Amino acid sequence: MVFWKIKDVELDDVDSLIYFCIPPEKRNDRFFIEGADVKRAWVRKSLEMFGSIAKMAYLDSTPVGLIQYQPKPKKRLLEITCIFVPDKRNQRRGIGKALLNALIEDVKKPRGFFDCKPPLAVVTWAFQVPGYYPQNEFYLKMGFKKVREDDPFLLYYPLEEEYVYQPEEAVFIPQAEDKGRALIFYDPSCPFCMYFAEHIKNLIRDVAPSLPVRMVNMFEEVEEVEKRGQVPQCAVNGKAINASFMDRENFQKEVREALEV
Ligand SMILES: CC(C)(COP(=O)(O)OP(=O)(O)OC[C@H]1O[C@@H](n2cnc3c(N)ncnc32)[C@H](O)[C@@H]1OP(=O)(O)O)[C@@H](O)C(=O)NCCC(=O)NCCS
């Protein structure tokens, strides 16, 4: 029998939350230091705004799992951004399920930013990380539904009876100032954000060494994000780059095409 406890992340636990996801050998890497700094700012501000943005599971005093989330008050939805039980020795012992259930019970309580009602649903984009049990399979086993049959990653769990989540079909709306530069939109709630952004910058520099690059913090610069509709991870010369930065060849091909327009 394994005993763990689940705790809401508070200001005193910020470092525990940040370093939980950063591999020890990466902690002195410049881009993970920057990633930790932007995440720290995000956690502090989000805790002030929403009171609760993550729960962690502890075995004695050692953190063994986390679930991280963010309310989207305008849509009355709660978005889960991450669930993670990294150590194989702790997996398959009910920790992930207990974290998710604790969150679902918690969000049913009325909150001011949801007009004192529970959210309509919990939604998540359950991307897969090689080498780990896929998040999307976990959520489907936990009762989540697919938003679209052909999208294995976008999932939701309705909290209001018969609610069906149908996101608006949003498109990227480039702005005049996006011409002649690259934009990288990063999510400060993930400590890998600066590391990934640097990877993207290098791929762009390879193709267009003098193209200016503007970094957009998706939490701090809400107006910049909202006026562009559905933002991609990267846009070049006003065109969304849809290939993943992990797919170097297609990513750079799209960058070249965007610069030819
Ligand atoms: C998904 C995850 C959080 C599940 O955590 P966990 O504590 O191991 O899950 P639980 O023990 O609560 O399992 C709940 C159910 O999920 C399913 N499940 C979990 N791991 C499984 C595995 N390896 N194989 C098959 N089913 C599995 C089972 O149905 C299980 O119930 P059961 O054990 O009663 O059959 C964990 O596997 C993980 O961290 N995966 C990586 C997630 C990821 O990529 N996160 C993003 C990081 S940036």
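**Group meeting: a walk through a predicted model**

Let's start in a loop. Glu-162 sits between β7 and β8 (182-186), in the loop that links them. Keep in mind that this is a predicted model. Is Glu-162 buried or exposed? Glu-162 counts as exposed, because just 5 C-beta neighbours lie inside 10 Å, and the cut-off for exposed is 12 or fewer. Now look at its backbone. Phi of Glu-162 is near 65°, a positive value, and the residue is not a glycine. Why point that out? Because most residues other than glycine have a negative phi.

There is another case. Arg-76 also has a positive phi, of about 55°, and is not a glycine. Where is Arg-76 found? Look in the loop between β3 and β4. Arg-76 is partly exposed, because 18 other C-beta atoms lie within 10 Å, and that count falls between the two cut-offs of 12 and 20.

Now step back to the whole protein. How many helices and strands are there? The protein has seven helices and 11 strands. Its radius of gyration is 19 Å, and the globule rule gives 18 Å for 261 residues, which is close, so the protein is as compact as a globular protein of that length. Along its principal axes, the C-alpha trace spans about 60 × 45 × 35 Å. Of the 261 residues, 28% count as buried. Then the contacts. Take those with a separation of 6 or more: residues 24 or more positions apart account for 62% of them.

Next, the sheet. It is an open sheet of seven strands with mixed pairing. Read across it and the order is β1-β2-β3-β4-β5-β7-β6. Which strands stand at the edges? They are β1 (5-8) and β6. Each has a single partner strand, so one side of each is left without a neighbour in the sheet.

Take the β1 edge. β1 pairs with strand β2 (residues 54-59) in the antiparallel sense, over four bridges. Within that pair, Lys-7 stands opposite Met-56 in β2. A helix packs here too. α3 lies on the sheet and touches β1, β2, β3, β4 and β5. The direction of α3 makes about 35° with that of β3.

Now the β6 edge. Strand β6 (residues 145-146) pairs with β7 in the antiparallel sense, over two bridges. Lys-146 has Leu-155 in β7 as its bridge partner. β7 (residues 154-158) also pairs with strand β5 (residues 121-125), antiparallel again, over five bridges. There, Trp-125 stands opposite Leu-154 in β7.

One residue in β3 is worth a stop. Pro-63 has its place in that strand, which covers residues 62-72. Pro-63 is partly exposed, with 18 other C-beta atoms within 10 Å. What does Pro-63 contact, leaving aside neighbours within four places in sequence? The residues are Ser-16, Phe-20, Met-56 and Tyr-58. Look at Phe-20. Pro-63 and Phe-20 are 43 residues apart in sequence, yet 7.4 Å apart in space, C-alpha to C-alpha.

Last stop, the ligand. How many residues surround the ligand? There are 17, and the closest are Gln-91, Gly-96, Lys-97, Tyr-132 and Tyr-133. Three elements each supply at least two residues of this shell: β4 (77-84), α3 (95-107) and α4 (135-141). So what is the make-up of the shell? It divides into nine nonpolar, four polar and four charged residues. Note that α3 comes up twice: it packs on the sheet, and it supplies residues to the shell around the ligand.

Conventions. Residues are numbered from 1 along each chain as its sequence is written. This is a predicted model: local features need pLDDT of at least 70, side-chain atom pairs count only at pLDDT 80 or more; totals for chains, interfaces and linings use all residues. The radius of gyration is taken over C-alpha atoms; the globule rule is 2.2 Å times the number of residues to the power 0.38. Two residues are in contact if their C-beta atoms, placed from the backbone, lie within 7 Å. Two strands pair if DSSP finds at least two bridges between them. A residue is near a molecule or strand if its C-beta atom, placed from the backbone, lies within 6 Å of it. Ala, Val, Leu, Ile, Met, Phe, Trp, Tyr, Cys and Pro count as nonpolar, Asp, Glu, Lys and Arg as charged, and the others, Gly among them, as polar. Axes are lines fitted to C-alpha atoms, for helices over the stretch in contact, and angles run from 0 to 180 degrees between N-to-C directions.
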